[in-house]
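Visitor: I have just opened this structure and would like to learn how to read it. Could you walk me through a few features, one at a time?

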Amino acid sequence: TIGRVIVASTIVVGAIFIFSLVAYKNVSYIKERVDDTYYGVTHPFTDSTTFMKVNLSTYAFLSNAYVAGKSLENRPLTGYGLGTHELTYDRFLPQSIQSYSSLNRTDANSMALRLITETGLIGLLLFVYFIFRFKIISKKSFTPTMQLFWMLNSGIFVMILIALLRNGNYTVHGKVLFLLLYYYSWQVVRELRTSTKFSEERPEREMQSP
């Protein structure tokens with residue numbers, strides 16, 4: 001079973017890599033953002049020749065990453081508290097850069113960056129733990145109902161990963177609802193597996209009883 005998982009994972013990762021490479025080579029929109037992000041990461045962001053050269057999407061990500069980095073330097077474990085990213089942005093990002101653009105100043109452009117600023121490494125790691133703790137792993141013994149909840153859980157899992165990268169708003173698009181559904185889908189499958197296992201073991205005990 002482990003061997004199959006490794007093979008399947010290798011195939012999926014390989015397919016994603018090939019798809020990403022083809023997209024980078026053939027889609028100018030994607031190539032521009034990848035190249036600009038690489039340029040912004042490898043050059044001093046606070047230099048005007050850097051932040052004014054990259055596209056606004058890249059600028060929004062890098063400017064908020066700069067703020068998150070400064071937050072880590074000052075309060076690495078706990079951050080500055082929920083809802084404080086905007087204040088932290090104003091505190092750490094040089095005014096010359098803010099006057100150029102304050103894009104995504106309120107939501108950090110990324111939930112991961114916002115969690116770092118507002119809750120520190122402790123908050124980010126707890127959120128990541130929540131994601132993987134309640135991720136449903138599909139099994140051959142799953143009933144059709146369990147598979148349905150697995151699909152729901154997996155879809156929300158992908159949505160959360162995307163939000164960590166590029167969407168720092170806590171409530172937009174029904175995030176709170178989806179997080180609740182993520183947990184309850186795991187809970188339902190857990191209860192169904194327990195009841196199914198009990199139902200299978202009960203006839204055996206009855207047959208063994210005198």
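Visitor: How do the residues lining the largest cavity divide into nonpolar, polar and charged?

Guide: A cavity is a set of points on a 1 Å grid over the protein atoms alone where a 1.4 Å probe fits but cannot get out, and its lining residues have an atom within 4 Å of a point. For classes, Ala, Val, Leu, Ile, Met, Phe, Trp, Tyr, Cys and Pro count as nonpolar, Asp, Glu, Lys and Arg as charged, and the others, Gly among them, as polar. Here the lining has 6 nonpolar residues, 1 charged and no polar ones. They are Met-111, Phe-127, Met-159, Ile-160, Ala-163, Lys-175 and Leu-179. Two or more residues each come from H7, helix H8 (144–166) and helix H9 (175–208), and H8 gives the most, with 3. Helices are DSSP runs of H or I with at least four residues, numbered from the N terminus.

Before we go on: this is a predicted model, where local features need pLDDT of at least 70 and side-chain atom pairs count only at 80 or more, while totals for chains, interfaces and linings use all residues. Residues are numbered from 1 along each chain as its sequence is written, and side-chain values use heavy atoms, leaving out hydrogens and water.

Visitor: What volume does the largest cavity have?

Guide: A volume is the space filled by probe spheres set on the grid points, which are joined across faces, edges and corners. For this cavity that is about 40 Å³.

Visitor: And which residues line the second largest pocket?

Guide: A pocket is an open set of points with protein on both sides within 12 Å along at least five of seven lines. This one is lined by Ser-20, Ala-23, Tyr-24, Ile-30, Arg-33, Val-34 and Thr-37. Helix H1 (2–26) and helix H2 (28–42) each give two or more of them, with H2 giving the most, 4 residues. The pocket's volume is about 240 Å³, and its lining has 4 nonpolar, 2 polar and 1 charged residues.

Visitor: Is Leu-82 buried or exposed?

Guide: Buried means under 20% relative accessible area, exposed over 50%, and partly exposed in between (1.4 Å probe, protein chains only). Leu-82 counts as exposed because its relative accessibility is 64%. You will find Leu-82 in the loop between helix H4 (56–74) and helix H5 (85–92). Its C-alpha atom is 10 Å from that of Tyr-170, 88 residues apart along the chain.

Visitor: Where does Leu-125 lie?

Guide: Leu-125 is in helix H7 (residues 111–133). With a relative accessible area of 57%, Leu-125 is exposed too.
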